Amino acid sequence: KLIRKLGLALLEADSLQAVTRAVHDSLCNEFRADRAHLFLFEASVANDDFVTVLPAQQVQRHVGSLLHHGKVSCGALRRDELNFLFPGYVVQDGSAALIPLHFRQDIGLLVIGSYDPSHFSPSMDTLFVSYMGDAIARRLATFLTP
């Protein structure tokens with residue numbers, strides 16, 4: 001039901017800002033994520049509480065060791081990693097799912113966080129969040145210039 005609502009919201013989004021708003025609203029209100037953040041590598045959108053535009057190299061420099069060849073990565077994170085991934089929040093403990101967004105090019109990184117260090121674990125099934133990331137990446141790509 002939740003993925004259906006997200007999919008429909010993505011289809012109805014008619015701008016980059018509408019897509020990011022739909023993703024944020026879905027993750028925070030429907031999926032009840034403790035924290036969520038979207039890093040876009042190249043975009044004409046202002047940074048806000050949910051979106052940060054940064055070059056891919058800068059994201060890679062901070063959390064590259066957590067990324068595994070374009071695949072979803074889950075697990076407990078160090079304080080400095082959490083504070084980078086969730087700007088504006090001082091997070092002591094937690095875990096996250098890092099979802100690389102790629103469609104014809106590297107678009108960004110979606111991060112879903114939990115205050116529970118064991119909520120996102122390396123052994124968890126990532127099929128659902130991978131599917132969600134694919135759908136979000138394809139919709140974002142519609143509004144990004146190649």
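A salt bridge is a side-chain nitrogen of Lys or Arg within 4 Å of a carboxyl oxygen of Asp or Glu. In this predicted model, a search of the whole structure finds three such pairs. One of them joins Glu30 to Lys5. The closest N and O atoms of this pair are 3.2 Å apart. Glu30 lies in helix α2, which covers residues 16-30, and Lys5 lies in helix α1, residues 2-12, so the salt bridge ties together parts that are 25 residues apart in sequence. Both partners are partly exposed. Glu30 has a relative accessible area of 30%, and Lys5 has one of 39%.

The other salt bridges involve Arg78. Its partner in one is Asp80, with the closest N and O atoms 3.3 Å apart. Its partner in the other is Glu81, with an N to O distance of 3.3 Å. Arg78, Asp80 and Glu81 are thus linked in a network of salt bridges. The two acidic residues differ in their surroundings. Asp80 counts as partly exposed, at 48% relative accessibility. Glu81 is buried, with a relative accessible area of 5%. The cut-off for buried is under 20%, so Glu81 at 5% falls within it.

The overall fold was examined next. The protein has five helices and five strands. Along the sequence these elements follow the pattern α-α-β-β-α-β-α-β-β-α. The radius of gyration is 14 Å, close to the 15 Å that the globule rule gives for 146 residues, so the protein is as compact as a globular protein of that length. The C-alpha trace spans about 35 × 35 × 30 Å along its principal axes. Of the 146 residues, 43% count as buried. Contacts between residues at least 6 apart in sequence were also considered; 57% of these join residues at least 24 apart. The protein exposes about 8100 Å². Carbon and sulfur atoms supply 50% of that area.

Attention then turned to the interior. The largest nonpolar core holds 31 residues. Within this core, Leu101, Leu110, Ile136 and Leu140 touch the most other members. Six elements are relevant here: α1, α2, β1 (35-40), β4 (95-102), β5 (106-114) and α5 (127-143) give two or more residues to the core. Helix α5 gives the most, with six residues. A second, separate core has 16 residues, including Val91, Leu98, Leu109 and Val111.

Leu101 illustrates how the core is joined. Neighbours within four places in sequence are left aside here. Leu101 is then in contact with Leu38, Asp106, Ile107, Gly108, Leu109 and Leu110. Its contacts also include Gly133, Ile136, Ala137 and Leu140.

Thr20 was considered as a further position. This residue sits in helix α2. Thr20 is buried, with a relative accessible area of 7%. Residues up to four places away in sequence not being counted, Thr20 touches Leu38, Phe50, Val51 and Leu140. Leu38 and Leu140 are also among the contacts of Leu101. Ser130 lies 110 residues from Thr20 along the chain. The C-alpha atoms of Thr20 and Ser130 are separated by 17 Å.

Conventions. Residues numbered from 1 in each chain as written. Predicted model: local features only at pLDDT ≥ 70, side-chain atom pairs only at ≥ 80, totals over all residues. Heavy atoms only, no water. Helix = DSSP H or I, 4+ residues; strand = E, 2+ residues; numbered from the N terminus. Buried < 20%, exposed > 50% of the residue type's maximum accessible area, 1.4 Å probe, protein only. Core = buried A, V, L, I, M, F, W, Y, C linked by side-chain atoms within 4.5 Å. Contact = heavy atoms within 4.5 Å. Rg over C-alpha atoms; globule rule 2.2 N^0.38 Å. Areas by Shrake-Rupley, 256 points an atom, 1.4 Å probe, with all protein chains shown as cover.
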